[in-house]
Amino acid sequence: MQLFENIDFENITDTSLISNKEGIVNELNKLIESDDIYYIRRNLNFIKEYDIKNQVVDNYSNFQNDIEQIIKTFTLERSKYYIKRLIKSIDGEKTSRINDIDLNKWKQYEDIITDSLWVLDKRDNAGAHNGNYWGNFIPQIPNQFFRRYTKKGDWILDTFLGSGTSIIEAKRLGRNAIGIELQENVVQIAKDNINKEFNKFNVKHYIIQSDCTELNYIKELKKIGISKVQFVIMHPPYWDIIKFSEDENDLSNCKSLNDFLNSIGKLIDATTPILEKGRYLAFVIGDKYSAGEWIPLGFYCMQEIQKRNYKLKSIIVKNFDETKGKMNQKELWRYRALVGGFYIFKHEYIFLFKKV
Ligand SMILES: C[S@@+](CC[C@H](N)C(=O)[O-])C[C@H]1O[C@@H](n2cnc3c(N)ncnc32)[C@H](O)[C@@H]1O
């Protein structure tokens with residue numbers, strides 16, 4: 001296709017007109033008023049060539065790709081539609097009620113995952129994060145959710161705080177947070193970790209030592225001076241896979257699968273009233289293997305939550321590599337799998353729900 005026969009840049013002779021963002025936006029707005037697709041293409045090409053040299057627009061490579069796409073568009077109507085979208089991406093901000101993602105610049109958020117398979121190979125050890133606590137999750141999990149489902153200044157609740165990963169991440173991202181943890185010594189570990197993180201956005205955080213299934217959340221929030229949180233993250237023990245303590249209220253000490261699921265149900269009932277309507281809950285869990293049988297703990301918990309006031313939005317499958325328990329036992333587990341006719345766990349689930 002010949003797009004630029006008789007190229008003539010007479011319509012934009014003065015490059016000073018497009019030497020800043022406002023100028024480019026003005027010129028693009030002028031193009032929308034034209035009904036001559038060749039005129040539009042010529043001028044778009046001119047703007048693009050100028051920007052390649054001068055890089056006026058913030059994300060110039062996306063900008064140039066967008067212009068390229070418009071130039072290749074066949075109809076006038078479509079071209080104008082794309083130009084309007086391009087103007088918004090340079091000029092305006094479009095955020096939603098639940099996050100700070102500027103949808104007009106959506107191409108710039110390349111690291112926000114939108115696929116349901118999460119293959120994350122390296123733990124983020126930035127800031128105060130460290131992988132020392134047995135049974136922690138990688139910071140990328142809270143990071144992805146907090147950026148996608150909360151705004152700066154929102155409140156996050158983590159009912160199984162452990163070593164404090166989600167509060168560290170909340171601090172790094174400018175979100176307030178509340179964490180619940182059963183064990184006193186683990187609360188201390190969390191506090192030490194969290195205090196190492198610089199409070200760049202001056203956010204608040206509270207740690208409550210308690211059985212999260214028994215806590216009166218409405219009362220606790222009142223003490224803090226809020227009535228709702230905007231996101232809940234739960235990373236319970238995967239029943240008895242790792243025994244976290246001797247405490248009988250520790251979910252890793254539940255006597256049976258039913259006990260475990262009842263506790264999860266009780267926890268959901270206790271926390272649902274303080275989660276703002278239309279906001280999200282992420283539930284992180286893996287399955288277990290017992291007496292020669294795969295126990296789909298994840299799906300059982302998912303069903304427990306589905307009985308309540310939530311809409312299932314996604315089932316995310318996340319990889320994990322060697323757990324500390326299986327470290328240096330790769331060969332042995334491979335042998336066991338071959339003998340036992342099963343597959344070795346390499347994934348866990350994150351069930352994402354929206355409160356209706
Ligand atoms: C899987 S770990 C969470 C790890 C955390 N995400 C992190 O990155 O460190 C589960 C935690 O829940 C705690 N726990 C177990 N039963 C609990 C209960 N009933 N209430 C509160 N915390 C509990 C355990 O002590 C353990 O620290």
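Okay, let's start with a word I'll use a lot: a residue is buried if its relative accessible area is under 20%, exposed if over 50%, and partly exposed in between, with a 1.4 Å probe and protein chains only. By that rule Trp-239, at 10% relative accessibility, counts as buried.

Quick housekeeping. This is a predicted model, where local features need pLDDT of at least 70, side-chain atom pairs count only at pLDDT 80 or more, and totals for chains, interfaces and linings use all residues. Residues are numbered from 1 along each chain as its sequence is written, and side-chain values use heavy atoms, with hydrogens and water left out.

Back to Trp-239. You'll find it in the loop between β5 (229–234) and α9 (257–271); helices here are DSSP runs of H or I with at least four residues, strands are runs of E with at least two, and both are numbered from the N terminus. Most residues other than glycine have a negative phi. Trp-239 isn't a glycine, yet its phi is positive, about 50°. Asn-202 is another non-glycine with a positive phi, about 55°. That one sits in the loop between α7 (184–195) and β4 (205–209), and at 66% relative accessibility Asn-202 counts as exposed.

Trp-239 also has a charge for company: Lys-288 lies over the face of its ring, 4.4 Å from the ring centre. For that label, NZ of Lys or CZ of Arg must be within 6 Å of the ring centre and within 35 degrees of the ring normal. Arg-78 does the same over Tyr-82, at 5.2 Å from the ring centre.

Now, rings with rings. How many aromatic pairs does the structure hold? There are 15 aromatic pairs. Rings of Phe, Tyr and Trp (its six-membered ring) pair if their centres lie within 6.5 Å; planes under 30 degrees apart are stacked, over 60 edge-to-face, and the rest tilted. Take Tyr-289 and Phe-342: the centres are 4.5 Å apart and the planes are at 35°, so this pair is tilted. It links distant parts of the chain, with Tyr-289 in strand β7 (residues 288–290) and Phe-342 in the loop between α11 (330–340) and β10 (347–355), 53 residues apart. Tyr-289 is partly exposed at 29%, whereas Phe-342 is buried at 15%. Elsewhere, ring pairs join Trp-118, Phe-145, Phe-146, Tyr-149, Phe-231 and Tyr-280 into a cluster.

What about disulfides, meaning cysteine sulfur atoms within 2.5 Å of each other? Searching the whole structure finds zero. Cys-254 is in no disulfide, and its nearest cysteine sulfur, that of Cys-301, is 10 Å away. Cys-254 counts as buried at 15% relative accessibility, and Cys-301 counts as buried at 0%.

Last topic, empty space. On a 1 Å grid over the protein atoms alone, a cavity is a set of points where a 1.4 Å probe fits but cannot get out, while a pocket is an open set with protein on both sides within 12 Å along at least five of seven lines; lining residues have an atom within 4 Å of a point. The second largest pocket is lined by 24 residues, with Asp-66, Arg-85, Leu-86, Ser-89 and Asn-104 nearest its centre. Two elements, α3 (60–71) and α4 (76–91), give two or more residues to that lining. Helix α4 gives the most, with eight residues.

As for the largest cavity, its lining includes Arg-123, His-129 and Asn-193. And that's my tour!

Terms used
Disulfide = S-S within 2.5 Å.
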